[in-house]
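Notebook open, coffee poured. Here is what I looked up today, one entry at a time.

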Amino acid sequence: MAVKGRYARLRLFGHADLSKLASKRVAVVGVGGLGALAAEILARLGVGELVLFDYDTVEAANLNRLVYRTSQVGQKKVRAIRDHLRAANPDVTVTSHPYDVTDGKGLVALAKEVPRCDLVLGCVDTFAVRLFLNAKCVAWRVPLVDGGASEDGINGSVHVIVPGKTPCYRCNKPALADPSASRPTRRADDRACHFASLPTTMAVVASLQCQEALKLLLGFGSVAPFLQYFGLEGRLERIEMRRDPRCPTCGRTR
Amino acid sequence: MPRMVRDYGEKYLRMEDDLFYFLQCATVASPKEPAWKDRAAEERYALDRFVEYLKFLEGDEWIAIRPTSAAATRWTGKVRHGGREWDAELVLKDSYPHVPPACRIPELMHYTDRKVDDGVLGLRICDMHMEKNYWWDEHASIAMYLKREVSYWVQSVVKDMRGKGWL
């Protein structure tokens with residue numbers, strides 16, 4: 001039998017019906033190294049609608065990561081990725097918001113768009129915004145799949161938050177516990193405040209994030225609440241956690 | 001008058017791991033929400049307690065910050081350390097207190113790498129490390145940010161500049 005058409009190989013997937021993705025709406029917050037790739041994966045899978053948030057512009061320093069091209073330097077990231085996704089799969093509706101989600105128009109857009117989404121992919125680069133997204137997704141009851149890479153660029157983690165069911169980002173003691181947390185902020189290092197970014201790690205984390213998102217959207221397999229990828233040892237670890245009843249974000253005392 | 005942290009009880013606040021719990025705020029409200037005026041009053045109250053604490057220490061450190069915009073989203077003042085004084089500016093985004101404030105100390109910005117630059121708030125002190133050593137929550141206040149972030153940032157930058165002979 002000839003296998004033709006854009007989704008022909010996807011239809012051969014036996015664990016779930018991937019055509020159901022056409023009715024799904026996914027928000028991607030942050031379209032940098034992780035988010036741009038995750039958005040492309042979701043678009044190629046045939047997710048019906050993607051809502052992208054990022055205030056940043058493409059810089060030459062971003063070109064070591066995937067998706068962006070040299071000719072796009074200076075463009076808003078969400079605009080550049082929107083054009084890319086339309087070329088990759090014209091079936092996908094892409095809405096882009098070139099604003100900061102923690103302030104002004106971006107916050108308004110986030111409050112308008114996210115409660116109508118089936119899932120949020122968190123691909124941001126700071127813990128503060130990650131915790132902010134976590135709090136908002138828990139409040140709006142929208143599942144969040146958060147991904148991140150370590151400062152040295154070689155390790156990564158994916159956290160799946162299903163409000164009311166799985167532990168939220170703040171319950172996650174292994175992710176937050178850091179021996180330096182109880183000490184004052186370290187400023188001894190003379191390096192500039194920029195972290196390494198490796199396209200290989202980004203691709204691994206974005207793929208893991210999309211894999212978990214897929215399972216969550218279509219309800220097959222077993223979703224891992226917290227996945228840690230150790231690039232130096234080539235190890236992937238699934239960590240089971242329990243909800244913290246005293247968690248200030250999702251705890252029962254709240 | 002808003003309820004202060006001392007009237008609020010231990011239920012919602014982290015007391016066991018932070019001696020400076022008295023700098024926390026009980027009301028959780030963003031600048032665009034009606035309860036923001038209560039929160040802003042609590043922020044001022046916490047700042048006063050922080051200044052009292054600095055006075056008690058009798059150290060060579062002083063921070064005086066007050067709101068300078070009508071909506072209390074921009075707080076400006078002075079930061080003093082090691083006999084020198086700089087203007088400081090704190091900007092609160094609409095999602096504050098879910099995200100920490102951003103701080104700018106213009107006279108020190110050009111001499112250090114410990115800064116971040118983004119398209120929204122421009123050049124500001126680097127708090128990447130704070131975010132990693134995560135302690136910020138919705139009850140944390142501007143006073144706590146000054147104590148646990150700005151103060152250490154200034155100390156380290158001043159030490160670094162002295163080492164290089166710039167100060």
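**Chain A, overview.** I began by counting elements in chain A and got seven helices and eight strands. I keep in mind that this is a predicted model. Of the 254 residues in chain A, 43% are buried. I then turned to contacts in chain A with a separation of 6 or more, and found that 66% of them join residues 24 or more positions apart.

**Chain A, a helix pair.** Next I looked at helix 2 (residues 33-45) and helix 7 (residues 199-218) of chain A. They pack at an angle of about 45 degrees, and their axes are 9 Å apart. Helix 2 of chain A and helix 7 of chain A are therefore oblique to each other. I also noted the handedness: helix 2 of chain A passes helix 7 of chain A in a right-handed crossing.

Which residues of helix 2 of chain A meet helix 7 of chain A? I listed Gly33(A), Leu34(A), Leu37(A), Ala38(A), Ile41(A) and Leu42(A). On the helix 7 side of chain A, I wrote down Met202(A), Ala203(A), Val205(A), Ala206(A), Ser207(A), Gln209(A) and Cys210(A). Sorted by class, this contact of helix 2 with helix 7 of chain A has 10 nonpolar, three polar and no charged residues.

**Chain A, a hairpin.** Strand 7 (residues 226-230) of chain A pairs with strand 8 of chain A in the antiparallel sense, over five bridges. In that pairing I found Phe230(A) opposite Arg235(A) of strand 8. Four residues sit between the strands of this hairpin, and Gly234(A) takes a positive phi near 65 degrees. I asked how many residues of strand 8 (residues 235-239) of chain A are buried. The number is zero of five, so strand 8 of chain A lies largely in the open.

**Chain B, the sheet.** I moved on to chain B, where four strands form an open sheet in the order 1-2-3-4, with antiparallel pairing. Strand 1 (61-67) and strand 4 (102-104) of chain B each have a single partner strand, so one side of each is left without a neighbour in the sheet. On average, neighbouring strands of this sheet are turned by 25 degrees against each other, direction ignored. I checked one pair more carefully: strand 3 (residues 84-91) and strand 4 of chain B pair over three bridges, and Val91(B) stands opposite Ala102(B) of strand 4.

**Chain B, helices.** What lies across this sheet? I found helix 5 (residues 142-163) of chain B across strand 1, strand 2 (74-81), strand 3 and strand 4, running at about 45 degrees to strand 2 of chain B. Helix 5 of chain B also packs with helix 2 (residues 36-57) of chain B, at about 40 degrees and with axes 7 Å apart. That angle makes helix 2 of chain B oblique to helix 5 of chain B. I noted the contact residues as Glu43(B), Ala46(B), Leu47(B), Arg49(B) and Phe50(B) from helix 2, with Ile142(B), Ala143(B), Leu146(B) and Lys147(B) from helix 5 of chain B. By class, that gives six nonpolar, no polar and three charged residues.

**Chain B, one loop residue.** My last stop was Glu33(B), in the loop between helix 1 (5-8) and helix 2 of chain B. Glu33(B) has 13 other C-beta atoms within 10 Å and is partly exposed. I also looked up how far apart the C-alpha atoms of Glu33(B) and Arg114(B) are: 33 Å, with their positions 81 residues apart along the chain.

Note on methods:
Residues numbered from 1 in each chain as written. Chains lettered and ligands numbered in written order. Predicted model: local features only at pLDDT ≥ 70, side-chain atom pairs only at ≥ 80, totals over all residues. Pairing = 2+ DSSP bridges. Helix = DSSP H or I, 4+ residues; strand = E, 2+ residues; numbered from the N terminus. Axes fitted to C-alpha atoms, helices over the stretch in contact; angles between N-to-C directions. Contact = placed C-beta atoms within 7 Å. Parallel < 35°, antiparallel > 145°, perpendicular 65-115°, else oblique. Nonpolar A, V, L, I, M, F, W, Y, C, P; charged D, E, K, R; others polar. Buried ≥ 20, exposed ≤ 12 C-beta atoms within 10 Å, placed from the backbone. Left-handed = near helix turned anticlockwise from the far one by under 90°.
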